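Student: Got a minute? I'd like to go through this one with you.

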Amino acid sequence: MPELPEVETIARHLKAQLVGQYIGQVEVRWPRCIATPTATQFAHEFVGREILDVGRRGKFVIVSLSESKFLLVHLRMTGRLILEDASHPGTSEEITLDPHTHVIFYFVSGKALCFRDTRKFGRLYLVNEPAEIVGDLGPEPLSDDLTPQALYELLRGHRKRLKPLLADQRLLAGLGNIYIDEALWEARIHPLRHAHTLSVEEAARLHTAIRTVLSRAIKNLGTTLRDYRTPLGELGEHQEALAVYGRQGEPCPRCGEPIRREVVGGRGTWYCPSCQRRNES
DNA sequence: AAGAGACCCTGGATGC
DNA sequence: TGCATCCAGGGTCTCT
């Protein structure tokens, strides 16, 4: 489940490997993963274009192409972007055999970029402006614009419980199930607290926690629980550093109390019942 | 506005 | 061992 740190890692790797590369052709094997335009049109549009830049917005990878087009990729649960060597036809198992490789970008250099996705939730978009897709995303959690005060103001305007609210990409862009639980634990705030009840001090703690947790995870190249890989096939390392996510019954690293799991808004939620008290101050 | 539930998918885990 | 069923989960949608 790639979230901000995983997508950031992927974008950085792709940027280092792909800027300046020219696309020879594109093969779409599973058309339904192309959100826009049609799969045929999508494949057509890439031929001859150069990769100018690769970046990230929220959980989207954004690839800037020559002649003003943008490829946006959302990996959802199990999506991967994997670099392969396709210079010798038939040598890459990923390309020839893998049943989960749905789109392949062949570069004239002999490199190839494969979009792979077992659960088929991921989507690719080819647009004239990224804003067509990412226009209504909230601020980037790591940007200077998101001050503690700004986060306090954002939260004050909502009565929802924190867990589902922080997962709403229109509030903040890039947080998902793992890092929300980790950040709330770090900030010692209960996931079911109602957003508008947070004090200035608590919002500031959450602000610090979100940024600390995300930065640390980026340093560790992301969290690999099962599917996530960097474009070079490497595993992330942050799973070792998780405090609560997926750890029900294990002792809280801060106080030793067993970690509890609850389903909130249909999503598994892990927290420490002792460090993260529910009473609203 | 908030919350619940369905849906999209498949592989791994669980149950008999 | 073998088969059926359950489950996870980001985002989007519908219904209450």
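Tutor: Sure, we can go from the overall fold to the DNA, the cores and a few backbone details. Keep in mind that this is a predicted model.

Student: OK, how many helices and strands does chain A have?

Tutor: Chain A has eight helices and eleven strands. Its C-alpha trace spans about 60 × 35 × 30 Å along the principal axes.

Student: And how does the radius of gyration of chain A sit against the globule rule?

Tutor: The radius of gyration is 20 Å and the rule gives 19 Å for 281 residues, so chain A is as compact as a globular protein of that length. Of those 281 residues, 53% count as buried.

Student: What share of the contacts in chain A with a separation of 6 or more comes from residues 24 or more positions apart?

Tutor: That share is 65%.

Student: On to the DNA. Which residues are closest to DNA strand B?

Tutor: Arg 32, Thr 118, Arg 119, Arg 159 and Lys 160 are the closest, out of 13 residues that surround strand B. By class, the surface there has seven charged, four polar and two nonpolar residues.

Student: What part of strand B do the atoms within 4 Å of the protein belong to?

Tutor: 69% of them belong to sugar or phosphate, and the rest to bases.

Student: Which side chains have a polar atom by a phosphate oxygen of strand B?

Tutor: Lys 120 has a polar side-chain atom 3.1 Å from a phosphate oxygen of strand B. For His 100 the distance from a side-chain N or O atom to a phosphate oxygen is 3.3 Å, and for Arg 161 it is 3.4 Å.

Student: Now strand C. Which residues come nearest there?

Tutor: His 74, Met 77, Arg 119, Tyr 245 and Arg 267 come nearest, out of 14 residues around DNA strand C. Sugar and phosphate make up 54% of the strand C atoms that come within 4 Å of the protein. The surface near strand C has five nonpolar, four polar and five charged residues.

Student: Arg 119 turned up for strand B too. What does its side chain approach on strand C?

Tutor: A polar side-chain atom of Arg 119 lies 2.7 Å from a base nitrogen of strand C. His 74 goes to the backbone instead, with a side-chain N or O atom 2.9 Å from a phosphate oxygen. Gln 169 also has a polar side-chain atom by a phosphate oxygen of strand C, at 3.4 Å.

Student: Switching topic: how many residues are in the largest nonpolar core?

Tutor: That core has 38 residues, and those with the most contacts inside it are Leu 155, Leu 166, Leu 172, Leu 175, Leu 206 and Ile 210. The elements giving two or more residues to it are α5, α6, α7 and α8. α8 gives the most, with eight residues.

Student: What does Leu 155 touch, leaving aside its neighbours within four places in sequence?

Tutor: Its contacts there are Leu 162, Leu 165, Leu 171, Ala 195, His 196, Leu 198, Ala 203 and Leu 206. Another core, of 32 residues, lies apart from the largest one, and includes Leu 18, Ile 23, Ile 34 and Val 73.

Student: Back to α7. How many of its residues are buried?

Tutor: Ten of its eleven residues are buried, among them Tyr 179, Asp 181, Glu 182 and Trp 185. The buried residues of α7 pack against α1, α6, α8 and β11.

Student: Does Tyr 179 pair with anything, or rather, which side chain joins it in a polar contact?

Tutor: Thr 223 does, at 2.7 Å between the side chains. Thr 223 is found in the loop between α8 and β10.

Student: Why does Thr 223 count as buried?

Tutor: Its relative accessible area is 4%, and buried means under 20%. Further contacts of Thr 223 include Glu 6, Ile 178, Tyr 228 and His 238.

Student: Last thing, backbone geometry. Which residues other than glycine have a positive phi?

Tutor: Arg 188 is one of them, with phi of about 60°, and it lies in the loop between α7 and α8. Leu 221 is another, with phi near 65°, in the loop between α8 and β10. Arg 188 is partly exposed at 39% relative accessible area, and Leu 221 is partly exposed at 27%.

Student: Where is there a cis peptide bond?

Tutor: One joins Thr 36 and Pro 37, with omega about -10°. Pro 37 lies in the loop between β2 and α2.

Conventions:
Residues numbered from 1 in each chain as written. Chains lettered and ligands numbered in written order. Predicted model: local features only at pLDDT ≥ 70, side-chain atom pairs only at ≥ 80, totals over all residues. Heavy atoms only, no water. Near = heavy atom within 4 Å. Polar contact = N/O pair within 3.5 Å; in protein donor to acceptor, adjacent residues only side chain to side chain. Nonpolar A, V, L, I, M, F, W, Y, C, P; charged D, E, K, R; others polar. Core = buried A, V, L, I, M, F, W, Y, C linked by side-chain atoms within 4.5 Å. Buried < 20%, exposed > 50% of the residue type's maximum accessible area, 1.4 Å probe, protein only. Helix = DSSP H or I, 4+ residues; strand = E, 2+ residues; numbered from the N terminus. Contact = heavy atoms within 4.5 Å. Rg over C-alpha atoms; globule rule 2.2 N^0.38 Å.
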